[in-house]
Amino acid sequence: MKTIAIRADANETIAMGHLMRCMSIAFQLKKAGHTVIFILAENYAQNLILQNNFPCICMSRIYNHKDQELEELTAILTRHKAACILVDSYDLTSAYIERLNKICKTVYIDDLQHFEYPAHLTIYYRYGAEQMQEALDSSKAPQHAKRYLLGIRYAPLREVFAAAAPPAREQIEQILITTGGTDPYEMLIGILETMQQAFPAVKKHVVAGKFYHNLPLLHKIAATDDTVLIYHDIPDIDQVMRQCDAAVSAGGGTLAELCACGVPTVCFTLADNQLDGTKAYADACLVLYAGDVRSNRDAVLQTITAKMELLQDDPAYRKCMGKRAKEAVDGRGASRIAEEIIQLIQET
């Protein structure tokens, strides 16, 4: 069996999404009998990785200064005889990947359509991306970069998300509210307050990410409203999702998880890397899009309320959205990616 390295980071700036999707793939690789080691720049997420029984090496460097870590990283790969490295970062250059190519096979998770990176295998799992295959095949990218895993069937979710979605209720009784790992625009508080006004009797499950900074205020609100439940950095968000009849969420990996659980979702964006994927979900009628918080936060909050009221008033539409979402995202993407990585390292 082979050793496969994963180079990813998590911190207050980039949150946990990159690391969590890599860990989903790591579990599938480990399940197939391979050794997986994580390599981090900083130690923010080291304990999480160790708690999940993966070896972890922290280089004690600045996470977005990738070129400065190359000597140490290549030495680590050589020392551990890595057959492959999976890289998940926006702070790369083609030269960085080319250097890694001299040590082992390279796999890159791409959210921004940086297809010029010369990785042996590129994963771009935006909804509908499989339609790009023909154009990529005819591009002038380096020959060893012409292997792609495209489309939502490669969304790298944890294995629990492959389970069947629960049956939909006639009425919205429980709503999930989340912004992912961070919340730079105080959307958790804003959404919760609007949901309290619009849906006073509905139970609100508020999930704050690892790097959320305003927990005392959330708990203060919950102390005076028994319809509000607060969760912080929970490992089993799928269990909360499956309790809920609808959700409000930022774009990103959480949308794929909600779709896999069949939860009708009103979503918004708060970062550039969320825009294309979120709009693709919305264009396919898998979610309802309320806008970009950076343009007009108050307008987005008003639109979220209006779209949630639409889901409440039209149970048939809500059920159809949840069913369509689950059909689109089956939760088996991490397993498919692991199979492709294993095939890659078996090739000479």
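**Exercise 1. Find how much space lies in the largest cavity of this predicted model, and name its lining.**

Step 1. Take the space. The largest cavity holds about 70 Å³.

Step 2. Check for other cavities. The structure holds one cavity of 30 Å³ or more.

Step 3. List the lining. Asp9, Ile14, His18, Tyr63 and Lys66 line the largest cavity, together with Asp88, Ser89, Tyr90 and Asp91.

Step 4. Sort the lining by class. Three residues are nonpolar, two are polar and four are charged.

**Exercise 2. Work out the order of the seven strands in their open sheet, and find which strands stand at the edges.**

Step 1. Write down the order. The strands run S3-S2-S1-S4-S5-S6-S7, and their pairing is parallel.

Step 2. Look at the ends. Strand S3 (56-58) and strand S7 (148-150) each have a single partner strand, so one side of each has no neighbour in the sheet.

Step 3. Add the twist. From one strand to the next, the twist averages 20°.

Step 4. Inspect one pair. Strand S1 (residues 3-7) and strand S4 (residues 82-87) are joined in the parallel sense by five bridges. Within this pair, threonine 3 has alanine 82 of S4 as its bridge partner.

Step 5. Place a helix. Helix H1 (residues 17-31) packs on the sheet. Helix H1 touches S1, strand S2 (35-40), S4 and strand S5 (105-109). The directions of H1 and S2 make an angle of about 160°.

**Exercise 3. Find the salt-bridge partner of aspartate 111, and explain what the pair ties together.**

Step 1. Recall the principle. Side chains of opposite charge can pair when their charged atoms come close.

Step 2. Count the salt bridges. The structure holds 18.

Step 3. Identify the partner. Aspartate 111 forms a salt bridge with arginine 21. Their closest N and O atoms are 2.8 Å apart. The cut-off is 4 Å.

Step 4. Locate both ends. Aspartate 111 sits in the loop between S5 and strand S6 (121-124), while arginine 21 belongs to helix H1, so the salt bridge ties together parts that are 90 residues apart in sequence.

**Exercise 4. Describe the open sheet of six strands, from its order to the helices that pack on it.**

Step 1. Give the order. The strands run S10-S9-S8-S11-S12-S13, with parallel pairing.

Step 2. Mark the edges. Strand S10 (228-232) and strand S13 (288-292) have a single partner strand each, so one side of each is left without a neighbour in the sheet.

Step 3. State the turn. Neighbouring strands are turned by 15° against each other on average, direction ignored.

Step 4. Examine one pair. Strand S9 (residues 203-208) runs parallel to S10, and five bridges join them. Valine 207 has tyrosine 231 of S10 as its bridge partner.

Step 5. Add the helices. Helix H7 (residues 215-223) lies across S9 and S10, at about 155° to S10. Helix H9 (residues 253-260) touches strand S8 (174-178), strand S11 (246-250) and strand S12 (265-269). The direction of H9 makes about 165° with that of S11.

**Exercise 5. Characterise the second largest pocket by its volume, lining and main contributor.**

Step 1. Take the volume. The second largest pocket has about 260 Å³.

Step 2. Count the lining. There are 19 lining residues. Pro166, Pro167, Ala168, Cys244 and Gly262 lie nearest the pocket's centre.

Step 3. Find the main contributor. Helix H12 (residues 315-328) gives the most to this lining, with five residues.

Step 4. Split the lining by class. Nine residues are nonpolar, three are polar and seven are charged.

Key
Residues numbered from 1 in each chain as written. Predicted model: local features only at pLDDT ≥ 70, side-chain atom pairs only at ≥ 80, totals over all residues. Heavy atoms only, no water. Pairing = 2+ DSSP bridges. Helix = DSSP H or I, 4+ residues; strand = E, 2+ residues; numbered from the N terminus. Axes fitted to C-alpha atoms, helices over the stretch in contact; angles between N-to-C directions. Contact = heavy atoms within 4.5 Å. 1 Å grid on protein atoms, 1.4 Å probe; cavity = no way out; pocket = protein on both sides within 12 Å on 5 of 7 lines; lining within 4 Å. Points joined across faces, edges and corners; volume = space filled by probe spheres on them. Nonpolar A, V, L, I, M, F, W, Y, C, P; charged D, E, K, R; others polar. Salt bridge = Lys/Arg side-chain N within 4 Å of Asp/Glu carboxyl O.
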